[in-house]
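Morning, everyone. I'll walk you through one structure today. Please pull up the sequence and the model.

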Amino acid sequence: EELHFERMISSIYVFGFVFCLVCYLFRWKSRPKNFPPGPLGIPMLGVAPFAGSKLENYLASFYKKYGGVMSFRLGPKDWVVLNDLEAITQAFTKQGESFSGRPKSVVFDQLTQGCGIVFANGDRWQHQRRFVLTALKRLGMGKRTMDAIINEETNRFIASVQLAGGTEYYYFIQIRQCVPRPTGTIVVFLPFLRFIPPFKQKFQKMVDSTEQVIGIVKIVIETVASHLFLLPSFIPPLFMLFKLYFADIISQIAENHKQSLDENNLCDFIDIFLSDMKKQKGDFFTKLQLCHLIRDLFVGGIDTTTAALGWGIVCLLNFPECQDKIHQEIDQIIGKLNYAVPNMSHQEKMPYLRAFIQEVHRFQTIAGLNIPHCVTEDCILYGYRIPKGTPVMSNIWFVHNDPAHWQEPQKFRPERHLDGDGKFIPSNRVIPFSVGHRSCLGVQLAKAELFLFYAGVLKHHEFQVDPNFGLPDWSRDDGGTLKTPKDFTVCIKER
Ligand code: HEM
């Protein structure tokens, strides 16, 4: 009788287990009604085992089957994917109000405390976005003053390279060490133009350590993505890093700015923020927000611009005929005289350099899957129903590589952006900065940095392959979210 009882208990357990499993599978299979179609993968992991390291290619492979809007499951979550320009524009521009949220993430919520701009949501995000845009304009974005700052930084870059090289004509630089300097300091200049000498050293430390912090955060995010359950243990060290590298230093600099603030002469980002902080009450103008905002401009601006410049140099080395054409254009339009300094008004007359830059953006898409968005309310896209809170990926990489729109997309060809008369054709199919309500805030600054950097450096110099290193290849750094070139050395020669 005891045996019979034990058997009964075991059967109940087995039955219970099978029942739970069936319920789980049933739930796992189910999706919201009229949700965009797409692969579910396997229970618990979703498509993770099948996607490989290039998620953008994997998602693009479903384009023929599902069209511009599809979905896929990653871990326990359903994501919506926008796989072509039309779907991205419809969602981010035409329905931008509903598609401009950022998904909730335990790591980022903890790290940012809901502040900053890149991962902010709702009223705070809208408010800060307006503030940053106005502040950038007040600081001379798109004006000659900004050109002058960028040119100064380009010259500083050349000087630092000359020092590093030691010999008269050849300068060997390690790209990841040197390129961040000019771009890093330009982004940083915006907040800190009113430079205060005692902080110079600390500030330099912050610039130097940014790359390091970004590297660590990237690794952590990647690890977190593959081991979701380990999430909480990463948060304290991440937060410590933020405090150590950014918050403390920025707070001290802000305090110093506050003491010598001149309302009639607001010179930098911190000045403008502190002045508005005095006038406006509420949650949005706090010191904590200032620290997070500057961190976001820093991280959002440095790594991206560095990657774009790095890929540009890799292209110049791999396609020296492009460099020759840029040299010719510079000689013709700007000239070789020292006082002939490049500025953004030269752009109009330099179609080849613009075509080159646009092709680099297309050919090496830095943010292939963009920063994730999420829908802030239930909405309908292409007839599909997408419930509030659903995370959304947009496949910028595929927009740049769709063979229906680009002939031989795997080939680097700046000429595809020129018309029969050699005029530059700005393409709305090259969208490295994304589009719509949440698109990159630094787009004008980044464009100016890239144009003035190439024009400024190539005016008197050329990039050559370092014979000891060889030609850098196209493999990406293992960093994860952004596609950056691997470290390489290059020779910069006076011409
Ligand atoms: C080549 C350089 C750059 C590239 C390729 C780039 C790309 C991007 C992309 C793809 C996004 C996400 C847009 C979206 O969510 O739809 C973004 C957001 C952002 N970028 Fe850039 N960016 C660059 C340079 C900069 C610079 C120099 C700054 C600094 C001023 C900057 C500041 C920002 C900020 C603040 C956001 C967040 C906007 C928001 O969430 O509302 N970026 N960028």
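How do the residues of the shell around the ligand divide into nonpolar, polar and charged? Here is the split: 12 are nonpolar, eight are polar and three are charged. Before I go on, one caution: this is a predicted model.

Now, who sits in that shell? There are 23 residues around the ligand. The ones that come nearest are W125, R129, H373, S434 and C440. Three helices, α8 (122-138), α15 and α19, each supply at least two residues of the shell. The largest share comes from α15, with six residues.

Let's go to the metal. What does the protein offer the iron atom of the ligand? A single donor: the SG atom of C440, 2.3 Å away. To find C440 on your screen, look in the loop between α18 (396-401) and α19 (443-460). Is C440 buried, exposed or partly exposed? C440 is partly exposed, because its relative accessible area is 33%, and the partly exposed class runs from 20% to 50%. The record also picks out this residue: an unreviewed UniProt entry has a "binding site" annotation that covers C440.

Next, the oxygen atoms of the ligand. Which side chains put a polar atom close to one? Take W125: a polar side-chain atom there lies 2.8 Å from a ligand oxygen. R438 has a polar side-chain atom at 2.8 Å from a ligand oxygen too. For S434, the distance from a polar side-chain atom to an oxygen of the ligand is 2.7 Å.

Back to α15, the helix that gives six residues to the shell. The helix covers residues 287-318, which is 32 residues. Does its length add up, or not? At 1.5 Å a residue, α15 should span 46 Å. The C-alpha atoms at its ends are 47 Å apart, so the two values agree. And its surroundings? Of those 32 residues, 27 are buried, so α15 is largely enclosed by the rest of the structure.

Last stop, the start of the numbering. The unreviewed UniProt entry annotates residues 12-28 as a "transmembrane region". What does the model show for residues 12-28? The span is 100% helix and 0% strand. Its end C-alpha atoms lie 24 Å apart.

That's my tour. Over to you.

Terms used
Residues are numbered from 1 along each chain as its sequence is written. This is a predicted model: local features need pLDDT of at least 70, side-chain atom pairs count only at pLDDT 80 or more; totals for chains, interfaces and linings use all residues. Side-chain values use heavy atoms; hydrogens and water are left out. Helices (H or I, at least four residues) and strands (E, at least two) are DSSP runs, numbered from the N terminus. The expected span of a helix is 1.5 Å times one less than its number of residues. Buried means under 20% relative accessible area, exposed over 50%, partly exposed in between (1.4 Å probe, protein chains only). Donors are N, O and S atoms within 2.8 Å of the metal (3.2 Å for Na, K and Ca); water is not among the atoms, so sites may look incomplete. A residue is near a molecule or strand if one of its heavy atoms lies within 4 Å of it. A polar contact is a pair of N or O atoms within 3.5 Å; within protein, one must be able to donate a hydrogen and the other to accept it, and residues adjacent in sequence count only if both atoms are side-chain atoms. Ala, Val, Leu, Ile, Met, Phe, Trp, Tyr, Cys and Pro count as nonpolar, Asp, Glu, Lys and Arg as charged, and the others, Gly among them, as polar. UniProt positions are given in the numbering used here, feature names are shortened, and annotations may be inferred rather than shown by experiment.
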